[in-house]
Amino acid sequence: MEQTQNPTEQTPNAVEHRPVFMPRVNSDNLVKTDMVRFERHVGFASRQKKKSINDLHQVIRKKYGFNHVLELSSKSGNKLSFALNPSSLKLANEHDDQQYSVENAFQSSMVFEDGGPYIDLLTAPPRQAKKDERLTTSGELIGYNYFGMEWGVEPLTTFYDWLYVNALKQNPQLHEEVMQYQAFTDIEFNPKKSIHCSAYALAMFVALNKRELLDDVEDPTVFFNLYNEFKLSNTEHLLEEGWV
């Protein structure tokens, strides 16, 4: 009788593309985004994810000559990555003297055609807030309202980046280590389905810090003007329909 192979042994590793976000100092971009082709190791085990991250970073090191690349997803196993994750990184809010994760602040600020902002998501577990069904059943996203501060959806990542950059600015104990990195990735971020990426926002923070432009970024107008002063280099052109 012929022996059947384990299905996992029959599945070849997949070739995929993921973005790398690189802070820029002497450029008309704050962040340079490039797509990287690498081999993803098939499987859900953490060791498979880490192999994929290693392969992705090896390609980046070889292509750009970088020695320090940071993966932000929880799959990296890096303590710094955990601290920088939008579900962990906290932003102090002057209106109620509370701290909220970037993830909670973002999800609870969304305004849709048929509802929102859903401020109860401020205090929900971050993973639960991100997956709340109201965020996908309330019609088209038309803007953001963060404690009365209103933002439009264009440029697409402005509000999310503002939250993340300011949250990180408020956590100076992370700055010295963060500034050692030359590029950032998030292997879980799929640019075809989403646009808001903490790895991109982190690269922006590093660029702003190196350029000494972090002063007054708390002011939405000051931050918004950066998007007019510098060219954008995010993954907007890769988006497919159906994202939030």
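Is Ser81 buried or exposed? In this predicted model, Ser81 has a relative accessible area of 1%; because this value falls under the 20% cut-off, Ser81 is classed as buried. The residue belongs to helix α3, which spans residues 79–84. A polar atom of the Ser81 side chain is placed 2.5 Å from the backbone oxygen of Glu71. When neighbours within four places in sequence are set aside, the contacts of Ser81 are Leu70, Glu71, Leu72, Ser73 and Ser76.

Helix α3 also contributes to the largest nonpolar core. This core comprises 53 residues, of which Leu84, Leu163, Tyr164, Phe184, Leu202, Met204 and Phe223 touch the most other members. Two or more core residues are supplied by each of α3, α4 (102–107), β6 (110–112), β7 (141–146), α7 (158–169), α9 (198–210) and α10 (220–229). The largest share, ten residues, is provided by α9. With residues up to four places away in sequence excluded, Leu202 touches Leu70, Leu72, Leu84, Tyr164, Leu168, Val178 and Phe184. Another core, of eleven residues, lies apart from the largest one and includes Met22, Phe38, Ile60 and Ala183.

The largest pocket encloses about 1200 Å³ of space. Its lining is formed by 35 residues, and Glu103, Lys130, Asp186, Glu188 and Phe189 are the closest to the pocket centre. Helices α3 and α4 each give two or more residues to this lining, as do α5 (126–130) and α6 (134–137). By class, the lining of the largest pocket consists of 15 polar, eleven nonpolar and nine charged residues.

Note on methods:
Residues are numbered from 1 along each chain as its sequence is written. This is a predicted model: local features need pLDDT of at least 70, side-chain atom pairs count only at pLDDT 80 or more; totals for chains, interfaces and linings use all residues. Side-chain values use heavy atoms; hydrogens and water are left out. Helices (H or I, at least four residues) and strands (E, at least two) are DSSP runs, numbered from the N terminus. Buried means under 20% relative accessible area, exposed over 50%, partly exposed in between (1.4 Å probe, protein chains only). A polar contact is a pair of N or O atoms within 3.5 Å; within protein, one must be able to donate a hydrogen and the other to accept it, and residues adjacent in sequence count only if both atoms are side-chain atoms. Contact means heavy atoms within 4.5 Å. A nonpolar core is a set of buried Ala, Val, Leu, Ile, Met, Phe, Trp, Tyr and Cys residues joined through side-chain atoms within 4.5 Å. On a 1 Å grid over the protein atoms alone, a cavity is a set of points where a 1.4 Å probe fits but cannot get out, and a pocket is an open set with protein on both sides within 12 Å along at least five of seven lines; lining residues have an atom within 4 Å of a point. Grid points are joined across faces, edges and corners, and a volume is the space filled by probe spheres set on the points. Ala, Val, Leu, Ile, Met, Phe, Trp, Tyr, Cys and Pro count as nonpolar, Asp, Glu, Lys and Arg as charged, and the others, Gly among them, as polar.
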